[in-house]
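Colleague: Please give me a close account of a single part of this model, the surroundings of the nucleic acid. I should welcome one connected description.

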Number of protein chains: 2
Amino acid sequence: MRRQRSTIRDVARRAGVSPTTVSHTFSGNGVVSPETQARVRAAAAALGYHPDVVASGLRRSRLGVIGLVLRPAVGAEPAELADVDYFPRFAGAAALTSLAHGYALMLVADPTVPGAPVTAYACDGIIVTDPVADDPLTAAMRASGTPYTLVGADIDDPDDEHVVDIATVLIADRVLDHLADVGVEHPALVVGTEPIEWSVLTERRYRERMQAAGVEPVVLRVPERAPREAALAAADELLALPERPDGVYCMTSDHARGVVDRFVERGIRVPDDIAVVCGSDAESLRSAVPTITVVDLQPEALGRQAAAALLRRLEPELSLSPVAPEHGTLILRGSTMR
Amino acid sequence: MRRQRSTIRDVARRAGVSPTTVSHTFSGNGVVSPETQARVRAAAAALGYHPDVVASGLRRSRLGVIGLVLRPAVGAEPAELADVDYFPRFAGAAALTSLAHGYALMLVADPTVPGAPVTAYACDGIIVTDPVADDPLTAAMRASGTPYTLVGADIDDPDDEHVVDIATVLIADRVLDHLADVGVEHPALVVGTEPIEWSVLTERRYRERMQAAGVEPVVLRVPERAPREAALAAADELLALPERPDGVYCMTSDHARGVVDRFVERGIRVPDDIAVVCGSDAESLRSAVPTITVVDLQPEALGRQAAAALLRRLEPELSLSPVAPEHGTLILRGSTMR
DNA sequence: CTAAACACCCAAAACGATTTGGGCAAGGCC
DNA sequence: GGCCTTGCCCAAATCGTTTTGGGTGTTTAG
């Protein structure tokens with residue numbers, strides 16, 4: 001029952017050659033006569049041999065694996081992720097792009113958190129979404145010489161070249177424009193607390209625009225992983241304001257759902273009294289009453305782009321069809337249909 | 001710029017001990033005095049040392065990685081997957097369950113297809129969704145002694161114990177019951193061609209029920225990855241039947257969309273003339289006109305279950321909270337709302 | 001006082017591949 | 001004939017760990 005895999009040595013013995021020759025025939029590295037190659041391949045086939053990726057990875061320090069660190073998701077319970085569209089879709093697209101070029105994609109834990117497994121360092125390169133401010137993970141990757149690609153910039157290091165643009169400002173503008181279009185005059189922002197580009201730049205842009213419009217900005221910070229009560233409380237806080245906002249931009253689906261639910265509970269009409277937009281899609285937003293207008297972040301496109309960028313770093317001669325970056329558009333639903 | 005990682009030997013030198021001792025302090029295997037341990041840890045920290053997962057994987061033949069083979073998706077273009085909910089959600093849940101127990105999850109290619117990378121064999125165990133009839137991959141895994149878990153049974157090997165139940169028959173009954181409830185008397189079935197449990201058992205069950213009801217079964221087989229035209233043609237074929245079906249059960253989202261689109265094009269009213277149910281959910285089915293009733297396959301629950309089953313095989317002493325299997329229910333939408 | 005038990009540590013042999021640096025013939029050139 | 005290629009092949013070192021099988025001293029038991 002124990003694994004009894006045959007090694008390169010077994011193949012060599014059976015084919016009457018040296019292990020070197022076997023290695024050469026498979027890697028195409030040395031010079032091996034066609035007849036010998038045939039003998040070797042026959043022996044390998046007879047033994048059901050296939051090279052040990054780990055051993056060859058050790059020697060060549062190249063494993064054929066791309067790592068993916070989903071930052072906010074690590075440590076999350078699977079159940080918590082059930083409602084989030086972004087990560088699985090991103091990962092799926094990145095995985096297929098990698099597989100198409102001979103790499104496996106591995107979802108790994110952030111190796112900079114103390115007790116975590118350090119599998120990430122074994123990868124030939126890693127994709128990080130989304131890096132936090134002054135990210136220790138990026139630093140670690142740089143120190144260990146592991147190629148990386150960030151999805152969304154490290155806001156404390158905006159000059160890093162290895163970033164896939166997530167167009168946060170563009171998207172913020174679209175959302176705020178849309179709210180203005182449906183007549184919202186003083187929107188509030190409900191944003192997460194993690195220092196990631198997505199949150200920080202959205203808030204910055206929001207404040208800029210409010211200032212330009214001469215409107216007092218209202219920003220509520222609610223932790224991404226806070227319990228539902230936090231979102232409900234945020235809704236109450238908005239309603240208690242002296243000048244009640246007539247629109248809300250919630251970054252995460254949990255917050256949007258909580259806020260809308262509480263509004264409805266309190267007899268506030270959505271969208272007539274307050275319009276709501278959410279910054280990312282999720283099943284619950286589609287089936288909510290009313291359904292909630294969202295930003296389509298196009299996770300597949302980003303996943304593909306991130307994987308392609310990293311693959312280009314790993315194998316410069318690879319020909320990768322460039323992906324046209326087409327950034328988030330709005331999916332209009334009930335919560336803004338006035 | 002080249003990777004200059006420090007090794008266990010460097011740490012040993014700096015701490016004035018042997019590599020053995022360093023290994024022992026980190027693995028907790030041998031006996032090392034607390035003072036020595038402290039010295040070793042200090043040295044490791046100073047050098048930024050972290051063990052090489054690949055080297056240790058080679059020696060211990062245990063990498064800390066679970067492989068996931070998404071059968072129908074391998075070789076697919078990322079764009080093709082964009083619309084499919086099932087795989088990314090399944091993978092996401094499996095990944096989080098694995099990470100929570102110290103394993104990374106790796107999406108790998110089917111190693112039994114000729115030129116494919118054999119990364120799968122490097123995994124400590126693999127999850128296969130969905131195995132085809134008499135699956136060569138299962139055979140390979142058995143031969144190489146790699147633990148595996150199948151999601152959906154191999155229909156030619158129904159006695160394999162390492163299977164996560166996907167309740168195909170139960171779901172088929174629910175769909176057919178629902179169609180009957182809304183007045184459908186002779187439903188047709190549009191099913192894929194891959195010999196996977198999901199397709200085969202559904203068709204079998206469908207035929208059983210039609211026979212019991214004394215209705216002539218109508219089964220159209222359309223390849224899973226066929227172009228859109230194939231689904232359109234299937235719709236036409238259904239319309240051309242002497243006794244036109246008054247309901248259709250399409251297994252895949254592409255087929256359902258194509259069929260509905262062609263029906264609408266031809267002036268057939270959905271659901272009034274023909275009701276339609278799809279066997280798996282996708283974005284396009286939610287936004288189609290009319291929206292299409294689907295089976296909620298609960299990919300997260302299955303992913304979690306599959307990972308848990310495999311983890312239990314890999315580490316029997318692991319305490320994994322049992323997951324209550326709650327199988328597919330229907331999400332009712334316009335295409336069956338008569 | 002001697003022998004056994006214990007605590008702590010280490011050298012060297014794996015693990016399974018790749019790579020380096022030749023070795024040995026056969027053939028070509030002068 | 002001698003020398004240089006060229007074609008083909010191999011032995012041994014290497015990658016960074018873990019594990020095996022001792023080797024020291026220092027205590028404890030008899």
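**The surface near DNA strand C**

Modeller: Around DNA strand C there are 27 residues (C-beta atom, placed from the backbone, within 6 Å of the strand), and A:Thr7, A:Ile8, A:Ser23, B:Val17 and B:Ser18 come nearest. The model is predicted: local features need pLDDT of at least 70 and side-chain atom pairs pLDDT 80 or more, while totals for chains, interfaces and linings use all residues. Residues are numbered from 1 along each chain as its sequence is written, and chains are lettered from A, ligands numbered from 1, in written order.

In each chain, helix H2 (19–27) and helix H4 (53–60) supply at least two residues of this surface; helices are DSSP runs (H or I) of at least four residues, strands (E) of at least two. The surface comprises 11 nonpolar, 12 polar and 4 charged residues, with Ala, Val, Leu, Ile, Met, Phe, Trp, Tyr, Cys and Pro as nonpolar, Asp, Glu, Lys and Arg as charged, and the others, Gly among them, as polar.

H4(A) and H4(B) also meet each other: A:Val54, A:Ala55, A:Gly57 and A:Leu58 are in contact with B:Val54, B:Ala55, B:Gly57 and B:Leu58 (C-beta atoms, placed from the backbone, within 7 Å). That contact divides into 6 nonpolar, 2 polar and no charged residues.

Between the chains as a whole, 51 residues of chain A are in contact with 51 of chain B. H4(A) is among the elements that each supply at least two residues to chain A's side, but H6(A) gives the largest share, 10 residues. This side holds 32 nonpolar, 12 polar and 7 charged residues.

How values were computed. Two residues are in contact if their C-beta atoms, placed from the backbone, lie within 7 Å.
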